[in-house]
Amino acid sequence: MSRGRFALGLAVVAVPLGLALLGPALAGEPGPRSLSFALGDGHPLGTDFVGRDVWRQVLLGGRTVVLSALAATALAYLVALPVGLAAALTHVRRLEELLMRPLDVLLAVPSLLVILLVASVFSPGTAGLALLVALVNVPDAARIVRAAAGEAAARPAVEALRMQGETRWRIAVGYVGRAVLRTLAADAGIRLTGVLYLVSTAAFLGVGVAPDAADWAVMVDRNRTGLFVQPWAVVVPALLIVALTTGTNLLFDAALEKTPRRKGRRP
């Protein structure tokens with residue numbers, strides 16, 4: 001079952017990921033613009049509302065979406081992991097409150113609203129958008145790390161390691177950190193999907209990318225009014241985003257099914 005799911009996920013995600021990574025190298029130079037929505041004549045998917053070749057825009061439009069999502073997810077865990085581990089392992093209640101309560105406040109505000117509010121004051125580029133998406137994902141990720149690490153930190157093995165004189169760093173990274181990896185792997189698939197949604201929605205609303213940028217989400221936004229005249233300029237990038245999120249979830253689910261739980265772990 002997991003092999004079939006892994007193969008399906010790999011097949012689904014290979015197309016959008018391949019286009020995102022290799023597309024810019026295959027796009028070539030832009031040709032003359034033509035407001036011909038018909039397929040063919042050098043335009044396999046026709047042209048968009050300003051006469052640009054849709055296929056070339058598809059080849060160019062995936063890199064920002066994929067790289068922004070991957071960077072935002074990695075940055076979110078880079079901050080959430082030490083914060084969650086510190087909150088789980090500290091014996092000072094006030095320090096735990098200081099670490100976690102501000103994050104709880106941020107969780108009460110919708111992520112997209114935070115991004116739009118910041119974007120109304122500043123004008124973030126692609127890197128700024130990835131940073132914003134990472135920051136709004138830190139509170140939830142840190143709570144998940146805190147919950148998983150708290151269970152591991154309460155095991156007798158941790159107390160035994162302390163009595164043996166192990167440093168806090170060795171305990172946090174060598175034992176508790178390893179214990180939460182499976183939980184983080186399960187969360188990563190869902191979180192990457194959510195990050196892709198936020199990045200695409202923000203780009204759709206004009207945050208972080210130029211209105212005429214070659215971006216899959218921007219293509220959907222700019223061409224949606226002509227959906228029934230030129231559907232490929234909307235349907236193809238939208239399907240690529242859906243395939244990327246669906247394939248990512250399938251791959252993570254299959255990977256978790258293939259990873260056996262350790263037997264005889266200490267309680």
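At what angle do the axes of H8 and H9 cross, and within what distance do they come? In this predicted model, the two axes cross at roughly 40° and come within 8 Å. An angle of that kind is neither under 35 degrees nor in the range from 65 to 115, and H8 and H9 are therefore oblique to each other. Their crossing is right-handed. On the H8 side, the contact is made by Ser200, Ala203 and Phe204, and these meet Ala217, Val218, Val220 and Asp221 of H9. Sorted by class, the residues where H8 touches H9 comprise five nonpolar, one polar and one charged.

It helps to place this pair in the chain as a whole. The chain holds ten helices and zero strands, and reading along the sequence gives the pattern α-α-α-α-α-α-α-α-α-α. Of its 267 residues, 43% are buried. Sequence-distant pairings are well represented in the contacts: taking those between residues at least 6 apart in sequence, 72% join residues at least 24 apart.

Helix H8 (residues 181-204) also packs against helix H2 (residues 54-89). Here the angle is about 130° and the axes lie 9 Å apart. This pair, too, has a named orientation: H2 and H8 are therefore oblique to each other, and their crossing is right-handed. From H2, the contact draws on Val65, Ser68, Ala69, Leu70, Ala72, Thr73, Tyr77 and Leu81. From H8, the partners are Leu184, Asp187, Ala188, Arg191, Leu192, Val195, Leu196, Val199 and Ser200. The class count for the contact of H2 with H8 is twelve nonpolar, three polar and two charged residues. Ser200 of H8 is thus a name to look for twice, as it takes part in the contact with H2 and also in the contact with H9.

Attention now turns to the interior. In soluble globular proteins, nonpolar side chains tend to be buried together. In this model, the largest nonpolar core has 56 residues, and those with the most contacts inside it are Val58, Ile115, Leu129, Val133 and Trp216. At least two residues of this core come from each of helix H1 (2-27), H2, helix H3 (93-107), helix H5 (126-153), helix H7 (168-179), H8, helix H9 (216-223) and helix H10 (232-258). The greatest contribution is that of H2, with 15 residues. One of the core residues with the most contacts, Leu129, touches Ile115, Pro124, Val199, Ala202, Val207 and Gly208, when residues up to four places away in sequence are not counted.

Several individual positions show how distant parts of the chain are brought together. Which residues does Leu19 contact, leaving aside its neighbours within four places in sequence? Located in helix H1, Leu19 is in contact with Pro24, Trp55, Val58, Leu59, Trp216 and Leu240. Two of these partners, Val58 and Trp216, are among the core residues with the most contacts. Leu19 and Leu240 are 221 residues apart along the chain, and their C-alpha atoms are separated by 9.1 Å. With a relative accessibility of 15%, Leu19 counts as buried because the limit is under 20%.

Ala149, in helix H5, has a relative accessibility of 0% and so counts as buried. Beyond its neighbours within four places in sequence, Ala149 is in contact with Leu85, Ala88, Val176 and Val180. From C-alpha to C-alpha, Ala149 and Gly177 are 7.2 Å apart in space, while 28 residues separate them in sequence.

Is Thr248 of helix H10 buried or exposed? At 8% relative accessibility, Thr248 counts as buried. Apart from residues up to four places away in sequence, Thr248 touches Val13, Gly189 and Leu192. Of these partners, Leu192 also belongs to the H8 side of the contact with H2.

A final example comes from outside the helices. Arg52 lies in the loop between H1 and H2, and at 15% relative accessibility Arg52 counts as buried. With neighbours within four places in sequence left aside, Arg52 is in contact with Arg33, Gly46, Thr47, Gln57 and Asp212.

Note on methods:
Residues numbered from 1 in each chain as written. Predicted model: local features only at pLDDT ≥ 70, side-chain atom pairs only at ≥ 80, totals over all residues. Heavy atoms only, no water. Axes fitted to C-alpha atoms, helices over the stretch in contact; angles between N-to-C directions. Helix = DSSP H or I, 4+ residues; strand = E, 2+ residues; numbered from the N terminus. Parallel < 35°, antiparallel > 145°, perpendicular 65-115°, else oblique. Left-handed = near helix turned anticlockwise from the far one by under 90°. Contact = heavy atoms within 4.5 Å. Nonpolar A, V, L, I, M, F, W, Y, C, P; charged D, E, K, R; others polar. Core = buried A, V, L, I, M, F, W, Y, C linked by side-chain atoms within 4.5 Å. Buried < 20%, exposed > 50% of the residue type's maximum accessible area, 1.4 Å probe, protein only.
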